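Dear colleague,

I am handing over the structure we talked about, and below it I have written out what was found in it. Please keep it open while you read, so that you can follow each point for yourself.

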Amino acid sequence: MDDLYRELILDHYRNPRQKGLLSPADIDYEDDNPVCGDHIHLTIQLDENNVVKAVGWEGQGCAISQASASMLYETLVGKSLEELRSVSKEDVLEMLGITLGPVRLKCALLSLKVLKAGAYGLTAWPGEDEEE
Ligand code: ZN
């Protein structure tokens with residue numbers, strides 16, 4: 001059973017979904033996991049009702065971090081901003097389906113950290129003019 005998940009993770013790592021940054025983007029956030037050297041940059045376009053219209057991301061790092069981003073971000077289109085904010089650690093771990101030690105956990109959850117920071121940061125962010 002573990003092998004099945006491992007295959008899925010490797011597949012996402014080798015063929016990441018939604019790769020490529022969007023411009024302009026309503027949500028634009030990037031962060032690192034210095035412990036492992038993982039990096040994720042996420043961009044999201046929202047429609048007028050704050051529902052995700054498009055997602056694009058770039059990243060580098062270990063298989064877990066990149067696969068986690070690919071798997072998580074693939075599910076975002078059609079979700080509301082509120083739903084983005086309520087994605088939990090458990091959701092991501094369930095999606096990955098394998099047991100992770102503390103170091104790998106940081107890798108796996110970088111994608112979530114970037115998503116949350118981006119989704120919450122929007123409230124305080126006035127928006128960019130060049131969107132017009
Ligand atoms: Zn990593």
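To begin with a small puzzle, which residue forms a salt bridge with E82? The partner is R85, and the closest N and O atoms of the two are 3.2 Å apart. Please bear in mind, here and throughout, that this is a predicted model. Both E82 and R85 belong to helix α3, which covers residues 81-85, and they lie three residues apart, about one turn of the helix. The two partners sit in contrasting surroundings, since E82 is exposed with a relative accessible area of 52%, whereas R85, at 13%, counts as buried.

The sheet

Three strands make up an open sheet, arranged in the order β1-β2-β3 with antiparallel pairing. The strands at the edges are β1 (27-33) and β3 (52-60), and because each has a single partner strand, one side of each is left without a neighbour in the sheet. From one strand to the next, the twist averages 15 degrees. As general background, strands of a sheet pair through backbone hydrogen bonds, and they may do this in a parallel or an antiparallel way.

The pairing of β1 with β2, the strand of residues 38-46, runs over seven bridges. If you wish to trace this pairing on the screen, you can look for N33 opposite D38 in β2, and for I27 opposite I44 in β2. The hairpin of these two strands has four residues between them, and in it G37 takes a positive phi near 90 degrees. On the other side of the pairing scheme, β2 and β3 are joined in the antiparallel sense over eight bridges, with H41 standing opposite E58 in β3. The hairpin of β2 and β3 has five residues between the strands, and here N50 is the residue that takes a positive phi, near 60 degrees.

Strand β2 and what covers it

Is β2 mostly covered or mostly open? It is mostly covered, for nine of its nine residues are buried. This holds for both faces of the strand: D38, I40, L42, I44 and L46 are buried on one side, and H39, H41, T43 and Q45 are buried on the other. Helix α5, made of residues 102-121, lies across β1 and β2 and runs at about 150 degrees to β1.

Two residues of β2 deserve a slower look. I40 lies in this strand, and because its relative accessibility is 0%, it counts as buried. The C-alpha atoms of I40 and L110 are separated by 7.4 Å, although the two residues are 70 residues apart along the chain. H39 is also in strand β2, and its side chain makes a polar contact with the side chain of E30 at 2.9 Å and another with the side chain of D32 at 2.5 Å. Leaving aside residues up to four places away in sequence, H39 touches a set of residues that includes D31, E58, Q66 and L110.

The other salt bridges

How many salt bridges does a search of the whole structure find? There are four, and the pair of E82 and R85 described above is one of them. In another, D31 and K113 come together, with the closest N and O atoms 3.2 Å apart. This pair links distant parts of the chain, as D31 is in strand β1 and K113 in helix α5, 82 residues apart. D31 counts as buried at 18% relative accessibility, while K113, at 46%, counts as partly exposed.

The side chains of R17 and E74 also meet in a salt bridge, with 3.7 Å from N to O. Because R17 lies in the loop between α1 (2-14) and β1, and E74 in helix α2 (residues 63-74), the pair ties together parts that are 57 residues apart in sequence. R17 is partly exposed, with a relative accessible area of 23%, and E74 counts as partly exposed as well, at 39%. Finally, R17 and E74 are linked with D11 in a network of salt bridges, which you may like to find for yourself.

With best wishes

Key. Residues are numbered from 1 along each chain as its sequence is written. This is a predicted model: local features need pLDDT of at least 70, side-chain atom pairs count only at pLDDT 80 or more; totals for chains, interfaces and linings use all residues. Side-chain values use heavy atoms; hydrogens and water are left out. Two strands pair if DSSP finds at least two bridges between them. Axes are lines fitted to C-alpha atoms, for helices over the stretch in contact, and angles run from 0 to 180 degrees between N-to-C directions. Contact means heavy atoms within 4.5 Å. A polar contact is a pair of N or O atoms within 3.5 Å; within protein, one must be able to donate a hydrogen and the other to accept it, and residues adjacent in sequence count only if both atoms are side-chain atoms. Buried means under 20% relative accessible area, exposed over 50%, partly exposed in between (1.4 Å probe, protein chains only).
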